[in-house]
Amino acid sequence: MQTAPIEPIDRQQSAPAAAPLENLGTIQRRKTRPVKVGNVTIGGGYPVVVQSMINEDTLDIDGAVAGIRRLHEIGCEIMRVTVPSMAHARALAEIRTKLQRTYVNVPLVADVHHNGMKIALEVAKHVDKVRINPGLYVFEKPKDDRTEYTQAEFDEIGDKIRETLKPLVLSLKEQGKAMRIGVNHGSLAERMLFTYGDTPQGMVESALEFIRICEELDFRNLVISLKASRVPVMIAAYQLMARRMDQLGMDYPLHLGVTEAGDGEYGRIKSTAGIATLLAQGIGDTIRVSLTEAPEKEIPVCYGILQALGLRKTMVEYVACPSCGRTLFNLEEVLHKVRSATAHLTGLDIAVMGCIVNGPGEMADADYGYVGKTPGVISLYRGKEEIKRVPEEDGVAELIALIKDDDRWVEP
Ligand code: SF4
């Protein structure tokens with residue numbers, strides 16, 4: 001299928017400014033304003049926030065509370081809930097109360113759909129952030145025979161959006177709550193499609209239109225997203241948004257995600273390709289990996305991306321060589337044993353290397369190393385220093401003993 005060309009991004013302008021040499025190897029995050037969502041802050045230099053969305057029916061109060069709790073317990077920091085009707089909006093009041101009574105006050109976001117003004121106003125009382133989709137908030141019925149958009153028509157819809165958005169903005173402002181302006185490539189408003197085409201530029205202009213209305217009302221607790229299911233479109237949209245905001249003196253945090261990424265290995269690869277590419281450029285303050293699987297499966301992927309980029313440290317970092325003809329022991333088996341014994345020691349870097357030819361040099365940054373010395377003999381390292389040589393069968397136990405001697409061991 002022929003797809004619409006992606007507008008090229010001017011590399012000169014979109015490339016991040018060259019980092020000073022001493023910062024090389026560390027991601028320099030784009031400066032953004034802090035936006036509070038309950039007791040979690042997005043942007044402002046805070047760690048990149050992990051979020052997800054429950055798939056229980058919001059009207060099923062017990063089910064929704066259990067779903068939120070399950071996600072929160074494994075590290076999800078902000079929970080999104082869909083609110084397609086007024087009944088769902090009211091159900092959020094019960095969900096919030098039940099969470100407070102039986103668990104903790106988890107940061108909640110309501111996802112509001114077509115023509116959702118009244119629903120948004122109700123649900124804004126019960127959640128910490130409301131997500132609206134500019135393409136759907138004031139729904140324009142597409143006209144099949146349209147050949148032009150007059151300025152008067154364009155302005156008329158703009159006025160209608162302003163009028164519809166204003167009460168929600170004022171309510172959120174008064175309550176100190178936040179809004180996500182969540183543009184989706186697949187649901188751009190007709191007049192944006194007409195003016196800019198099905199492009200990253202159309203997505204960015206759609207977000208900017210809503211941002212400007214919020215700014216006119218002096219409301220800046222905004223988070224912006226520009227999701228697409230095609231990774232290059234999503235990357236281009238966020239890059240362009242960051243560039244446009246820099247030009248306009250805006251500093252809103254960005255919520256990253258690839259929509260409809262699918263499931264399994266490819267769903268994870270696709271999400272990582274989009275999210276990690278942007279994070280590596282310093283773009284992005286909160287992430288959601290959208291998988292066609294239970295939402296609990298999304299959280300490890302989020303943390304894996306953040307850990308791999310050095311943005312958050314939530315687990316042990318294992319450095320292990322791929323093994324080759326020089327490997328002196330069953331690397332896969334030993335790595336598995338080392339991981340089983342040490343996976344709870346969050347914060348440590350542990351290397352498992354097959355031989356001393358390249359092993360010690362390539363694991364140089366790890367806190368501890370397990371390296372094949374000669375057949376049947378393992379060298380244990382603390383940083384760059386070889387500490388002891390032990391028989392292979394004692395290797396894992398001796399590694400644990402070394403970590404204990406250093407007072408860096410905690411019981412699982
Ligand atoms: S560290 Fe040694 S065993 Fe591992 S891949 Fe490199 S040369 Fe091969």
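Here are some questions and answers about this predicted model.

Me: Glad to start with confidence: what is the mean pLDDT of the protein?
Reply: Most of the chain does well here, as 95% of its residues reach 70 or more. The mean pLDDT of the protein is 91.

Me: And over which residues does pLDDT stay under 50?
Reply: Where pLDDT is low, the predicted coordinates should not be read in detail. The model does have 21 contacts beyond four places in sequence for the stretch in question. That stretch, with pLDDT under 50, is residues 1-16.

Me: How many Å separate the centres of domain 1 and domain 2?
Reply: Domain 1 covers 11-17 + 27-308, and domain 2 covers 317-405. The C-alpha trace of the whole protein spans about 80 × 55 × 40 Å along its principal axes. Taken over C-alpha atoms, the separation between the two domain centres is 43 Å.

Me: Which strands stand at the edges of the open sheet?
Reply: The sheet has 8 strands with parallel pairing, in the order 8-7-6-5-4-3-10-9. An edge strand has a single partner strand, so one side of it is left without a neighbour in the sheet. Reading the two ends of the order gives strand 8 (222-227) and strand 9 (255-256).

Me: Within that sheet, which residue of strand 10 is the bridge partner of L256?
Reply: Strand 9 and strand 10 pair in the parallel sense over 2 bridges. The bridge partner of L256 in strand 10 is I287.

Me: What covers the buried residues of helix 11?
Reply: Helix 11 spans residues 298-308, and its buried residues are E298, I299, V301, C302, Y303, I305 and L306. Just after the helix, G310 takes a positive phi of about 75°. The cover over those buried residues includes strand 3 (49-53), helix 2 (61-73), helix 10 (264-280) and strand 10 (286-287).

Me: Which residue in the turn between strand 13 and strand 14 has a positive phi?
Reply: Strand 13 (residues 368-374) and strand 14 (residues 377-382) pair in the antiparallel sense over 6 bridges, with G369 opposite Y381. The two strands form a hairpin with 2 residues between them. The residue with a positive phi, of about 85°, is G376.

Me: On the pairing with strand 12, which residue stands opposite Y368 in strand 13?
Reply: Strand 13 is mostly covered, with 5 of its 7 residues buried. Strand 12 (residues 349-353) pairs with strand 13 in the parallel sense over 4 bridges. Standing opposite Y368 is I350.

Me: Does I403 count as buried or exposed?
Reply: I403 is found in helix 14 (residues 395-405). Leaving aside its neighbours within four places in sequence, I403 is in contact with Y368, R408 and W409. A residue needs 20 or more C-beta neighbours within 10 Å to be buried. I403 has 21 inside 10 Å, so this residue counts as buried.

Me: How far is the C-alpha atom of I403 from that of L348?
Reply: I403 and L348 are 55 residues apart along the chain. Their C-alpha atoms are separated by 10.0 Å.

Me: Finally, how many residues of the shell around the ligand are charged?
Reply: The ligand is surrounded by C321, P322, S323, C324, R326, T327, M353, G354, C355, V357, N358 and G359. The shell includes 6 nonpolar and 5 polar residues. Arg counts as charged, and R326 is in the list. The number of charged residues is 1.

Note on methods: Residues are numbered from 1 along each chain as its sequence is written. This is a predicted model: local features need pLDDT of at least 70, side-chain atom pairs count only at pLDDT 80 or more; totals for chains, interfaces and linings use all residues. A residue is near a molecule or strand if its C-beta atom, placed from the backbone, lies within 6 Å of it. Domain bounds come from an automatic or database domain assignment. A residue is buried if 20 or more other C-beta atoms lie within 10 Å of its own, exposed if 12 or fewer, and partly exposed in between; C-beta atoms are placed from the backbone. Two strands pair if DSSP finds at least two bridges between them. pLDDT is the predictor's confidence in each residue, from 0 to 100. Two residues are in contact if their C-beta atoms, placed from the backbone, lie within 7 Å.
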